[in-house]
Amino acid sequence: MAKLAYSRSDYSTPDAPTNLEDITSYNNFYEFGFGKGDPAKYAGALTTDPWSIKIDGLVDRPGEYGLDDILKGVSLEERIYRFRCVEAWAMIVPWIGFPLSGLLDRVGVQSKAKYVAFETLLRPSEMRAQKTSALDWPYREGLRLDEARHPLTILATGLYGEEIPNQNGAPIRLVVPWKYGFKSIKSIVRISLTDRQPETTWNALQPEEYGFYANVNPEVDHPRWSQATERRVGAGLFGGRQDTLKFNGYEEVAGLYVGQDLARDY
Amino acid sequence: MLADRLNALFRKLPAWPIYIVGPLPGIWLYWQGATGALGADPVRAIEHQTGLYALQLIIAGLAVTPLRGFAGLNLLKFRRAIGIMAFAYAGLHLFTWAALDMGLYWAQALGDIVKRPYITIGMAAFLLLVPLVATSNDRAVRRLGAVRWRKLHWLTYPAALLAALHFVWLVKAWPLEPFVYLGAVLGLLGLRVVAKGARSASRRKGAAAPSPTAS
């Protein structure tokens with residue numbers, strides 16, 4: 001794995017990061033299987049070079065952008081973020097990445113655009129679970145434009161100072177730290193600017209359980225489990241539980257949702 | 001016949017080693033969890049595996065009667081030990097959830113039992129096993145009488161169904177595994193319906209028909 005050049009960021013949490021071993025062996029990446037260990041086992045089959053992202057929709061400069069092109073002139077930062085899965089486990093992850101807003105500015109977002117839609121690679125020959133109908137492939141996610149432009153929202157290409165391992169979403173993934181992990185879509189091949197809320201995979205599959213917003217919120221339970229508390233992965237057998245924080249502790253995003261009922265827009 | 005030879009072997013084997021060997025996987029799991037061999041989330045791994053063991057043992061216990069009826073294999077003498085081990089793993093599963101997963105959040109744990117249907121039915125399945133394990137001894141069989149004892153132990157059927165549903169209900173999306181277990185439970189319960197139908201059909205044919213052994 002190649003070392004990356006990056007700077008530190010004030011957006012990082014002071015908490016100690018979860019071990020690299022834990023971050024790279026405990027993953028939900030259903031393209032490689034349902035088991036937490038499946039991505040580490042099978043994601044090695046994924047070819048991440050060459051890689052390009054199709055950027056289209058309501059943008060001034062649509063096109064197929066090579067990853068090198070996307071990263072040209074971008075200064076990478078380390079963002080140590082809390083990561084909270086909708087399944088009520090959590091980690092601290094030292095991502096390396098850059099704000100999504102910078103990329104959006106480069107391609108020129110048109111004034112009619114209100115949302116950003118993302119798509120993961122569809123390549124059943126390398127992503128073994130895509131041969132099954134476990135999910136409606138390709139995996140899709142989306143953000144409202146103001147969420148996408150928030151400085152906390154990054155595209156990550158690295159982890160622990162090196163290129164991001166395949167099981168964590170190589171070569172480029174989204175990280176939105178105040179939302180449940182499934183919003184942070186991996187191995188992105190398409191970014192579309194749209195004027196209406198895009199359909200997203202989990203929301204389409206089980207709308208009662210997985211909302212479009214999916215903000216971390218201890219006050220709004222998942223229908224099948226409480227979201228009031230979480231378990232820290234890597235804490236060991238007797239690690240216990242801790243309280244979940246609203247917006248995963250990133251209170252600065254509260255302004256994005258003024259006037260919205262977050263129990264309805266979950 | 002193979003079945004006869006297997007039955008001769010089963011007659012020679014005692015059931016008590018099940019009580020020695022049965023707990024070993026659970027002890028091994030906790031040992032691995034404590035020494036970091038279960039990966040990033042040992043609590044979840046133990047929770048999942050103890051639940052699976054319980055469900056597998058319940059299914060093994062349910063298989064005893066159809067194996068006798070349809071394959072002529074007599075494993076009856078092992079069934080009590082299998083059932084008690086199923087209860088033990090269900091208990092360990094519950095303990096792991098309450099003590100290690102929920103930690104000190106007792107209010108949330110109790111709330112979840114009431115509010116979360118998959119936890120409610122898991123808890124119900126466990127509670128249904130309690131009278132079964134309490135009467136899994138010769139004294140209880142004598143005190144209750146064979147008929148009442150057998151009727152009480154029909155609680156195994158709803159317990160097995162609830163345990164399998166508990167698994168299906170907790171997963172995201174549609175992985176195959178929980179449905180395989182649910183299918184096994186439904187299949188084993190279905191075989192009993194088939195056997196019952198065959199028995200009443202042969203009874204209707206009159207006393208001349210050979211009567212199959214009751215199960």
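Contacts in chain A of this predicted model mostly reach far along the sequence: of those joining residues at least 6 apart, 71% link residues at least 24 apart. The chain is built from six helices and twelve strands, and 59% of its 266 residues count as buried. Its C-alpha trace spans about 50 × 45 × 40 Å along the principal axes. The radius of gyration fits a compact globule, because 266 residues would call for a value near 18 Å and chain A comes out at 17 Å. About 10700 Å² of chain A is exposed, with carbon and sulfur atoms supplying 50% of that area.

What sits inside can be told through the nonpolar cores. The largest one has 86 residues, and the members touching the most others are W95(A), F118(A), L174(A), W178(A), I191(A) and L193(A). The top contributor to this core is strand 4 of chain A, residues 89-99, which puts in six residues. A second, separate core holds 27 residues, among them L52(B), M123(B), A160(B) and F167(B). Back in chain A, L193(A) gives a good idea of who meets whom. Once neighbours within four places in sequence are set aside, L193(A) is in contact with D56(A), G57(A), L58(A) and V59(A), and also with L104(A), V109(A), A113(A), Y115(A), V116(A) and L145(A).

Strand 10 of chain A (188-194) is preceded by a loop that starts after strand 9 (173-175), and S184(A) lies in that loop. Despite the loop setting, S184(A) counts as buried, because its relative accessible area is 3%. Beyond residues up to four places away in sequence, S184(A) touches R173(A), L174(A), V175(A) and V176(A). One of these, L174(A), is also among the residues touching the most other members of the largest core.

Aromatic rings come next. Over all chains there are 18 aromatic pairs. F247(A) and Y257(A) make a stacked one, with 5.6 Å from centre to centre and 15° between the planes. Both partners sit in the segment after strand 12 (242-243) of chain A, ten residues apart. F247(A) and Y257(A) are both buried. In chain B, W174(B) and F179(B) form a tilted pair, at 5.9 Å between centres and 45° between planes. Here the surroundings are more open: W174(B) is exposed, because its relative accessible area is 56%, and F179(B) is partly exposed at 30%. Chain A also has an aromatic cluster made up of Y30(A), F34(A), F182(A), W202(A) and Y210(A).

A few spots in the backbone of chain A deserve a second look. Most residues other than glycine have a negative phi, and most peptide bonds are trans. The bond from D49(A) to P50(A) is cis, with omega near 5°, and P50(A) is placed in the loop between helix 2 (38-42) and strand 1 (52-57). Another cis bond runs from W137(A) to P138(A), with omega near -10°. P138(A) falls in the loop between strand 5 (115-120) and strand 6 (140-144).

Positive phi values turn up too. Y160(A) has phi near 55° and is found in the loop between strand 7 (154-159) and strand 8 (162-163). Y160(A) is partly exposed, as its relative accessible area is 32%. N248(A) also has a positive phi, near 55°, and lies in the segment after strand 12. N248(A) counts as buried, because its relative accessibility is 2%.

As for chain B, the UniProt record, an unreviewed entry, lists "domain: Ferric oxidoreductase" at residues 53-163. That stretch is 86% helix and 0% strand in the model, and its end C-alpha atoms are 11 Å apart. The record, again unreviewed, also places the feature "transmembrane region" at residues 12-31, 51-70, 82-106, 118-134, 154-172 and 178-195 of chain B. Within residues 12-31, 70% of the span is helix and 0% strand, with 33 Å between the end C-alpha atoms. Residues 51-70 are 100% helix and 0% strand, and their end C-alpha atoms lie 29 Å apart.

How values were computed. Residues are numbered from 1 along each chain as its sequence is written. Chains are lettered from A and ligands numbered from 1 in the order in which they are written. This is a predicted model: local features need pLDDT of at least 70, side-chain atom pairs count only at pLDDT 80 or more; totals for chains, interfaces and linings use all residues. Side-chain values use heavy atoms; hydrogens and water are left out. UniProt positions are given in the numbering used here, feature names are shortened, and annotations may be inferred rather than shown by experiment. Helices (H or I, at least four residues) and strands (E, at least two) are DSSP runs, numbered from the N terminus. A nonpolar core is a set of buried Ala, Val, Leu, Ile, Met, Phe, Trp, Tyr and Cys residues joined through side-chain atoms within 4.5 Å. Buried means under 20% relative accessible area, exposed over 50%, partly exposed in between (1.4 Å probe, protein chains only). Contact means heavy atoms within 4.5 Å. The radius of gyration is taken over C-alpha atoms; the globule rule is 2.2 Å times the number of residues to the power 0.38. Accessible areas come from the Shrake-Rupley method with a 1.4 Å probe; for residues, only the protein chains shown count as cover. Rings of Phe, Tyr and Trp (its six-membered ring) pair if their centres lie within 6.5 Å; planes under 30 degrees apart count as stacked, over 60 as edge-to-face and the rest as tilted.
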